[in-house]
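The exercises below ask the reader to examine a protein chain step by step. Please study the sequence and the structure before reading each solution.

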Amino acid sequence: MAKNITASLADDLASVFPETKTLVINGRTIEIAPFKFKVLLKVLQHVNNLFTDLGYFDQYSILQTLLKGVSEHPEDLIGILKLSTGITDEAFYEEITSADGVDLIIATWEVNKDFFSQRLGTKLKNLFPSQEEAR
């Protein structure tokens with residue numbers, strides 16, 4: 001039972017104090033925090049642009065789909081990173097290494113993945129159930 005209480009307390013603390021990631025890129029300390037609501041709305045515009053032209057995809061083709069979306073809409077990925085880091089200067093993104101850019105992408109995903117993969121999906125599924133679930 002103590003284990004369940006500890007896990008519950010950890011979940012409660014995570015929702016009050018969400019995990020952040022700190023990176024140092026080109027001598028600059030960057031903190032990646034979960035998106036606030038208004039920023040999230042802007043992020044969703046970029047996510048929509050990344051996937052608009054791609055049609056349906058499943059779990060087996062998500063990487064291929066994501067790479068295609070990013071290759072066709074790189075400005076939207078940079079837009080998400082700008083919202084994630086608070087750094088809007090284009091020169092910053094032009095000057096960082098590929099490895100640092102990937103680290104930024106991964107940190108942004110890791111900090112916000114629970115929202116996108118669990119909360120948003122579940123809420124949308126409940127709001128718009130499939131025809132089979134609606135019966």
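The exercises that follow treat the overall fold, the salt bridges, the nonpolar cores, the aromatic residues and two polar side chains.

The model is predicted: local features need pLDDT of at least 70 and side-chain atom pairs count only at pLDDT 80 or more, while totals for chains, interfaces and linings use all residues. Residues are numbered from 1 along each chain as its sequence is written, and side-chain values use heavy atoms, with hydrogens and water left out.

**Exercise 1. The fold**

Task: State how many helices and strands the chain has, and in which pattern they follow one another.

Solution.
Step 1. Helices (H or I, at least four residues) and strands (E, at least two) are DSSP runs, numbered from the N terminus.
Step 2. The chain holds seven helices and two strands.
Step 3. Along the sequence, their pattern is α-β-β-α-α-α-α-α-α.
Step 4. The chain has 135 residues, of which 24% count as buried; buried means under 20% relative accessible area, exposed over 50%, and partly exposed in between (1.4 Å probe, protein chains only).

**Exercise 2. Salt bridges**

Task: Determine how many salt bridges there are, and describe where E110 and K21 lie.

Solution.
Step 1. Side chains of opposite charge can pair when their charged atoms come close. A salt bridge is a side-chain nitrogen of Lys or Arg within 4 Å of a carboxyl oxygen of Asp or Glu.
Step 2. This rule gives four salt bridges.
Step 3. One of them joins E110 and K21, with 3.2 Å from N to O. Because E110 belongs to helix α6 (residues 98-127) and K21 to strand β1 (residues 21-25), the pair ties together parts that are 89 residues apart in sequence.
Step 4. E110 is partly exposed at 34% relative accessible area, and K21 is partly exposed at 24%. E19, K21 and E110 are linked in a network of salt bridges.
Step 5. A salt bridge of 2.5 Å, N to O, is formed by E72 and K68. These two residues are four apart in helix α3 (residues 62-72), so about one helical turn separates them. E72 is partly exposed, at 36%, and K68 is partly exposed, at 42%.
Step 6. K82 and E90 also form a salt bridge, in which the closest N and O atoms are 2.3 Å apart. E90 is partly exposed, with 41% relative accessibility.

**Exercise 3. Nonpolar cores**

Task: Identify which helix supplies the largest share of the largest nonpolar core.

Solution.
Step 1. A nonpolar core is a set of buried Ala, Val, Leu, Ile, Met, Phe, Trp, Tyr and Cys residues joined through side-chain atoms within 4.5 Å.
Step 2. The largest such core has twelve residues, including L23, I25, I30, F92, Y93 and L104.
Step 3. At least two residues of this core come from each of β1, β2 (28-32), α5 (90-95) and α6. The largest share, three residues, is supplied by α6.
Step 4. Another core, of six residues, lies apart from it and has V43, L50, I80 and F116 among its members.

**Exercise 4. Aromatic residues**

Task: Describe how the rings of F92 and Y93 are arranged.

Solution.
Step 1. A pair of aromatic rings is described by the distance of the centres and the angle of the planes. Rings of Phe, Tyr and Trp (its six-membered ring) pair if their centres lie within 6.5 Å; planes under 30 degrees apart count as stacked, over 60 as edge-to-face and the rest as tilted.
Step 2. The whole structure contains one aromatic pair. F92 and Y93 form this edge-to-face pair, with 5.0 Å between centres and 90° between planes.
Step 3. F92 and Y93 are both buried.

**Exercise 5. Two polar side chains in helix α4**

Task: State which residues S84 and T85 join through polar contacts of their side chains.

Solution.
Step 1. A polar contact is a pair of N or O atoms within 3.5 Å; within protein, one must be able to donate a hydrogen and the other to accept it, and residues adjacent in sequence count only if both atoms are side-chain atoms.
Step 2. S84 lies in helix α4 (residues 74-85) and is buried, with a relative accessible area of 7%. The side chain of S84 has a polar contact of 2.8 Å with that of T108.
Step 3. T85 also lies in helix α4 and counts as buried at 13% relative accessibility. The side chains of T85 and Y93 are joined by a polar contact of 2.8 Å.
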